[in-house]
Amino acid sequence: MSTVVVVAAVIVAPGGRVLAAQRAEPAALAGGWEFPGGKVDPGENERVALVRECREELGVEIAVGERVGGDWPLSPGYVMRVWLCSLISGVPEAKEHLALRWLGPGDYYDVDWLGADLPIMKTVENLLPR
């Protein structure tokens with residue numbers, strides 16, 4: 001069985017703020033908060049997939065920076081790979097999510113992070129300026 005790779009962007013803005021996205025679907029995950037991203041298409045480079053996903057989901061162009069950690073486990077057969085990113089152009093819009101929210105150092109945990117994204121936030125928190 002092959003592993004499905006999901007990519008996620010930790011979009012960082014000045015002041016150590018990060019963009020969180022509230023899932024609209026599937027029903028089991030709806031309402032939970034995550035870092036935006038999605039599945040890598042067959043034959044697609046992971047960084048290219050991340051840029052594409054942010055364009056489709058948020059209407060923004062991003063620069064992909066440093067990778068965060070290794071493979072983050074999701075459900076069986078799925079792993080998530082995460083990168084720190086910055087905005088090049090555009091203002092994020094919730095095209096496929098219920099809502100978007102910028103979280104700063106004092107409120108990183110004011111949202112109900114999905115189980116897979118919570119340990120990522122904890123790792124990212126140590127990488128960002130305070």
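**Figure 1. Residue classes in the lining of the largest pocket of the predicted model.** The lining of the largest pocket comprises twelve nonpolar, five polar and nine charged residues. Ala, Val, Leu, Ile, Met, Phe, Trp, Tyr, Cys and Pro are counted as nonpolar, Asp, Glu, Lys and Arg as charged, and the others, Gly among them, as polar. The structure is a predicted model, in which local features need pLDDT of at least 70 and side-chain atom pairs count only at pLDDT 80 or more, whereas totals for chains, interfaces and linings use all residues. Residues are numbered from 1 along each chain as its sequence is written, and side-chain values use heavy atoms, with hydrogens and water left out.

The pocket encloses about 610 Å³ of space and is lined by 26 residues. Val6, Arg23, Leu29, Glu34 and Gly38 are the lining residues that lie nearest its centre. At least two lining residues each come from strand 1 (4-13), strand 4 (37-39), helix 1 (46-58) and strand 6 (78-89). Helices (H or I, at least four residues) and strands (E, at least two) are DSSP runs, numbered from the N terminus. On a 1 Å grid over the protein atoms alone, a pocket is an open set of points where a 1.4 Å probe fits, with protein on both sides within 12 Å along at least five of seven lines; a cavity is a set from which the probe cannot get out, and lining residues have an atom within 4 Å of a point. Grid points are joined across faces, edges and corners, and the volume is the space filled by probe spheres set on the points.

**Figure 2. Helix 1 and the strands that cover its buried residues.** Helix 1 has 13 residues and reaches 18 Å from its first C-alpha to its last, close to the 18 Å expected at 1.5 Å a residue; the expected span is 1.5 Å times one less than the number of residues. Its buried residues are Ala49, Leu50, Val51, Arg52, Glu53, Cys54, Glu57 and Leu58. Buried denotes under 20% relative accessible area, exposed over 50%, and partly exposed in between (1.4 Å probe, protein chains only). The cover over these buried residues includes strand 1, strand 2 (17-23), strand 4, strand 5 (61-73), strand 6 and strand 7. Arg52 counts as buried because its relative accessible area is 15%. Residues up to four places away in sequence aside, Arg52 touches Lys39, Asp41 and Glu44, where contact means heavy atoms within 4.5 Å.

**Figure 3. The loop between strand 2 and strand 3 (33-34), with Ala24 and Pro26.** Ala24 is found in this loop, as is Pro26. The peptide bond from Glu25 to Pro26 is cis, with omega near -5°. Ala24 has a relative accessibility of 34% and therefore counts as partly exposed. Beyond its neighbours within four places in sequence, Ala24 is in contact with Ala30, Glu96, His97 and Leu98.

**Figure 4. The loop between strand 7 (97-103) and helix 2 (118-125), with Pro105 and Asp117.** Pro105 is found in this loop, and Asp117 is placed there as well. The relative accessibility of Pro105 is 38%, so this residue counts as partly exposed. Pro105 touches Gly15, Gly16 and Pro129, not counting residues up to four places away in sequence. The C-alpha atoms of Pro105 and Pro129 are 8.5 Å apart in space, although the two residues are 24 residues apart in sequence. Asp117 counts as buried because its relative accessibility is 3%. With neighbours within four places in sequence left aside, Asp117 is in contact with Trp33, Glu34, Phe35 and Met80.

**Figure 5. Pro73 in strand 5.** Pro73 lies in strand 5 and, because its relative accessibility is 60%, counts as exposed. Its contacts, neighbours within four places in sequence aside, are with Tyr78 and Ala116. Pro73 and Arg47 are 26 residues apart along the chain, and their C-alpha atoms are separated by 19 Å.

**Figure 6. The region annotated in UniProt.** An unreviewed UniProt entry places the feature "domain: Nudix hydrolase" at residues 2-128. UniProt positions are given in the numbering used here, feature names are shortened, and annotations may be inferred rather than shown by experiment. Over residues 2-128 the chain is 17% helix and 43% strand, with the end C-alpha atoms 34 Å apart.
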